[in-house]
Structure formats: structure tokens, C-alpha cells
Protein chains: 2
Amino acid sequence: MSNNVKEARLAKSITQEDLAKSVGATRQTIGLIENGKYNPSLHLCISIAKRLDKTLDDLFWED
Amino acid sequence: MSNNVKEARLAKSITQEDLAKSVGATRQTIGLIENGKYNPSLHLCISIAKRLDKTLDDLFWED
DNA sequence: ATTGAATGCAATATATATGTTGCATTTGGT
DNA sequence: ACCAAATGCAACATATATATTGCATTCAAT
């Protein structure tokens, strides 16, 4: 259930609300995803990855 | 909206129903995903990728 | 100490992913 | 041509992702 969204976002020095707005989501949704309490949709994951200059594997793949 | 699930599944020579059962989904859901008519959840994408020995980027990332 | 921004958290409402059932169509083998 | 398996498709029901609102908490700056 864990991921690297928070680290990638902080590396960009943007806020949860900034990220949320730029991907068409809400701050709450971003917060829940970062805390691993959500099972987000693929499209939202892709939007987040693109905004943070990462790929799906970078953010959501654990081996 | 497109992806590489169908190609990866056929490379394994398994059916939609086989894939569905092994990831805890239904045949219909797999079919809709393969035809790009769905926005699946991240967890389902991960399950599918693992079953097909692929990563998220392999199946769902287009650059 | 105080203020405001950033985040966490909870309750409720809405949109949509997914399941269920059933039937039609396609496809591969005989 | 025939048959069975695989797939597509549609209607409806259910589960859950996401939005909305509001409030509490943390934390950096003043």
C-alpha cells in the first residue's frame, strides 16, 4: 500500500494542494494516497507521475 | 487510454478468464481494461502486471 | 506568544470501477 | 459446416474512489 509520492512531491517543493490542483484532484485525495490509505485510479496515478517527472514504476512499483 | 495488457496476456498464452481469476477480478473487467474502456485501480494494475511478469510501466506507461 | 500555511482526519454525498447475469459474436479445431 | 471455447456487449446492482465541507493539529516565521 506504500508509495513514493510524498518524497517525489517534496523533491519538487510543492504542496499537496498544488499537486492536487495540477492533476485535477483534491488535497484530501492526494493526502490519502501519500499515506497509503487509498487505491487510486490508474489515470490519477499517471497524472501524478507526469506532474512530478516520474514514471508509474518510480512512484508505485515495489519489487 | 491504451495499454499492453492484451499483448502481454497472449504472450503467456492464457485466457481473459484465467487472468481474471488469478488476480481476483472478472472476465468482463479484464476485457474492458484490454480495450481501453476502463480506468482501473492501481492495485488491480499491479496484480495484473505481476501475473504477467511485467511492471506497471511495461503495461500502462506511454511516453 | 501569535499568526497563517500545510497537513491530518472525519462525516456525508456523488461518481465510477467492478461484479453479476445473460446473450450474441467471433475464433480455432475437427 | 459444425462445435465449443473465447470474447464482446448491455443492463442492473454494489463497492469504493473521489469530492465537499469543516475542524483540529503541526510547524515555520514573525
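## Symmetry of the two chains

A turn of 180° and a shift of 0.0 Å along the axis lay chain B on chain A with an RMSD of 0.0 Å. That is the relation of a two-fold axis. The superposition is by least squares on the C-alpha atoms of residues with pLDDT of at least 70 in both copies. Within chain B, Ser41(B) comes closest to the rotation axis, at 2.1 Å (C-alpha).

The copies meet through the same surface, because 100% of the interface residues of chain B are also interface residues in chain A.

## Basis of the model

This is a predicted model: local features need pLDDT of at least 70, side-chain atom pairs count only at pLDDT 80 or more, and totals for chains, interfaces and linings use all residues. Residues are numbered from 1 along each chain as its sequence is written, while chains are lettered from A and ligands numbered from 1 in the order in which they are written.

## Nonpolar core

The largest nonpolar core has 29 residues. Such a core is a set of buried Ala, Val, Leu, Ile, Met, Phe, Trp, Tyr and Cys residues joined through C-beta atoms within 7 Å. Buried means 20 or more other C-beta atoms within 10 Å of the residue's own, with C-beta atoms placed from the backbone. Ile48(A) and Ile48(B) touch the most other members.

Leaving out residues up to four places away in sequence, Ile48(A) touches Val5(A), Leu19(A), Val23(A) and Leu59(A). Contact means C-beta atoms, placed from the backbone, within 7 Å.

## Surface near DNA strand D

There are 18 residues around DNA strand D. Near means a C-beta atom, placed from the backbone, within 6 Å of the strand. Thr29(A), Asn39(A), Pro40(A), Ser41(A) and Gly31(B) come nearest. By class, 4 are nonpolar, 11 polar and 3 charged.

α3(B) gives the most to this surface, with 4 residues.

Notes:
A residue is buried if 20 or more other C-beta atoms lie within 10 Å of its own, exposed if 12 or fewer, and partly exposed in between; C-beta atoms are placed from the backbone. Two residues are in contact if their C-beta atoms, placed from the backbone, lie within 7 Å. Helices (H or I, at least four residues) and strands (E, at least two) are DSSP runs, numbered from the N terminus. Ala, Val, Leu, Ile, Met, Phe, Trp, Tyr, Cys and Pro count as nonpolar, Asp, Glu, Lys and Arg as charged, and the others, Gly among them, as polar.
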